[in-house]
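Open the model in your viewer and keep the sequence panel beside it. The stops below say what to select and what is found there.

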Amino acid sequence: MHRFLFGLLLLLSAGAASALSHAEVMAGAERQYRGYLRELQAQHQLDSDPVFHERVQRIVKPLIAQAMHDYPESAGWQWEVHTTPEGDDNAYAMAGGKLLVSRAYVDKLLLGDAELAMLLAHEIAHAVLRHNLLEYEEAMRLEPAWRERPFAELEDAVDNDSALMRKLAPLGLKQEAEADREGLKLAWRVGWPGAALARYYLKLVRASHAPNFEQHVHPAPSQRWKAAQELAGILEAAGR
Ligand SMILES: [Zn+2]
């Protein structure tokens with residue numbers, strides 16, 4: 001009887017964040033992504049630099065093909081990669097393979113093609129490793145009240161609620177290190193030389209002298225550069 005009631009309660013609570021599925025997370029990401037794209041479109045900033053857009057597409061396509069092969073779940077996704085000349089965010093990937101890349105960031109760091117491949121592979125890794133879903137689950141573990149509240153509120157909170165964001169920071173750092181590692185391996189499998197990929201992090205080290213450069217969400221660039229060099233060395237030694 002109690003078990004039956006419990007089952008009924010679970011059914012009634014559908015829509016709350018308690019039993020979050022990756023499909024729901026992807027649907028939410030899709031909604032947010034469409035919103036960003038609409039804003040960029042309204043400002044004539046969506047895919048508006050054909051040379052940059054073409055360059056990103058050329059580099060990202062083989063990376064996505066490799067990801068679809070290595071992470072079969074992602075073969076069924078509607079992958080999308082858009083670009084913008086400006087943008088506060090450097091680049092991001094949302095659940096389900098929705099990417100946005102800013103030319104301002106790529107220009108600022110003077111990224112060559114292999115370094116841009118590393119940036120894109122890092123973002124792809126976040127998506128295929130389901131980092132969004134894991135972050136929401138961690139938020140619900142840390143603050144169980146989220147299980148009873150609408151998922152849309154949690155979606156907003158992980159980006160805007162500073163107290164929750166502080167609590168999620170340790171997981172964020174772990175996810176960044178994982179995306180660095182798995183992204184480098186992914187791009188290496190596509191055929192990029194490991195050492196050339198690792199140089200993306202050297203560019204970050206150089207740029208990191210600018211104030212407030214991503215320190216709040218990423219491990220120290222010097223640490224990322226060291227880890228990437230080590231991993232590239234291991235991959236090159238093992239052979240392709
Ligand atoms: Zn990242």
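Which residues line the second largest pocket? Keep in mind that this is a predicted model. Select L173, A177, D180, R181, L184, Y201, P219, Q223, R224, A227, A228 and L231, which together form that lining. The pocket has a volume of about 190 Å³. Eight of the lining residues are nonpolar, one is polar and three are charged. Helix 8 and helix 10 each contribute at least two residues to the lining.

Stay at this pocket and pick out Q223, which sits in helix 10. Is Q223 buried or exposed? Its relative accessibility is 53%, so Q223 counts as exposed. Now add Y201 and draw a distance between the two C-alpha atoms: Q223 and Y201 are 8.9 Å apart in space and 22 residues apart in sequence.

**The whole chain**

Zoom out and switch to a cartoon view. The protein chain has ten helices and three strands. Followed along the sequence, they come in the order α-α-α-β-β-β-α-α-α-α-α-α-α. Colour by accessibility next: of the 240 residues in the chain, 47% are buried. Among contacts between residues at least 6 apart in sequence, 70% join residues at least 24 apart.

**The zinc ion**

Select the zinc ion. Which protein atoms act as its donors? They are NE2 of H122, NE2 of H126 and OE of E176, at 2.0 to 2.1 Å from the ion. Along the chain these donors follow the spacing H-x3-H-x49-E. H122 belongs to helix 5 (residues 113–128) and E176 to helix 8 (residues 162–190), so this pair ties together parts that lie 54 residues apart in sequence. Show the surface around two of the donors. H122 has a relative accessibility of 3% and therefore counts as buried. E176, at 11%, counts as buried too, because the limit for that label is under 20%.

**The nonpolar cores**

Hide the surface and display side chains for the next stop. The largest nonpolar core has 47 residues, and L120, I124 and Y200 have the most contacts inside it. Several elements supply at least two residues each to this core: helix 3 (50–70), strand 2 (91–94), strand 3 (98–102), helix 4 (103–108), helix 5, helix 8, helix 9 (194–207) and helix 10 (221–238). Which helix gives the most to this core? Helix 5 does, with ten residues. In soluble globular proteins, nonpolar side chains tend to be buried together.

Centre the view on I124. Leaving aside residues up to four places away in sequence, I124 touches V60, L63, I64, A67, W79, L99 and L186. Another core, of 22 residues, lies apart from the largest one, and Y92, A139, M140 and W146 are among its members.

**Stops in the loops**

Go to S74, in the loop between helix 3 and strand 1 (80–84). With a relative accessibility of 1%, S74 counts as buried. What does S74 touch, not counting residues up to four places away in sequence? Its contacts are A67, M68, W79 and V128. A67 and W79 also appeared among the residues touched by I124.

P85 comes next, in the loop between strand 1 and strand 2. P85 counts as buried, at 11% relative accessibility. Beyond residues up to four places away in sequence, P85 touches Q45, S48, R103 and A104. Draw a distance from P85 to H44: their C-alpha atoms are separated by 9.8 Å, with these positions 41 residues apart along the chain counted as their offset.

Two last residues are worth selecting for their backbone angles. D47 is in the loop between helix 2 (22–42) and helix 3. Although D47 is not a glycine, it has a positive phi of about 50 degrees. D47 is partly exposed, with a relative accessible area of 23%.

R130 is in the loop between helix 5 and helix 6 (131–142). R130 is not a glycine either, and its phi is positive, near 55 degrees. At a relative accessible area of 32%, R130 is partly exposed.

Terms used. Residues are numbered from 1 along each chain as its sequence is written. This is a predicted model: local features need pLDDT of at least 70, side-chain atom pairs count only at pLDDT 80 or more; totals for chains, interfaces and linings use all residues. Side-chain values use heavy atoms; hydrogens and water are left out. Donors are N, O and S atoms within 2.8 Å of the metal (3.2 Å for Na, K and Ca); water is not among the atoms, so sites may look incomplete. Helices (H or I, at least four residues) and strands (E, at least two) are DSSP runs, numbered from the N terminus. Buried means under 20% relative accessible area, exposed over 50%, partly exposed in between (1.4 Å probe, protein chains only). A nonpolar core is a set of buried Ala, Val, Leu, Ile, Met, Phe, Trp, Tyr and Cys residues joined through side-chain atoms within 4.5 Å. Contact means heavy atoms within 4.5 Å. On a 1 Å grid over the protein atoms alone, a cavity is a set of points where a 1.4 Å probe fits but cannot get out, and a pocket is an open set with protein on both sides within 12 Å along at least five of seven lines; lining residues have an atom within 4 Å of a point. Grid points are joined across faces, edges and corners, and a volume is the space filled by probe spheres set on the points. Ala, Val, Leu, Ile, Met, Phe, Trp, Tyr, Cys and Pro count as nonpolar, Asp, Glu, Lys and Arg as charged, and the others, Gly among them, as polar.
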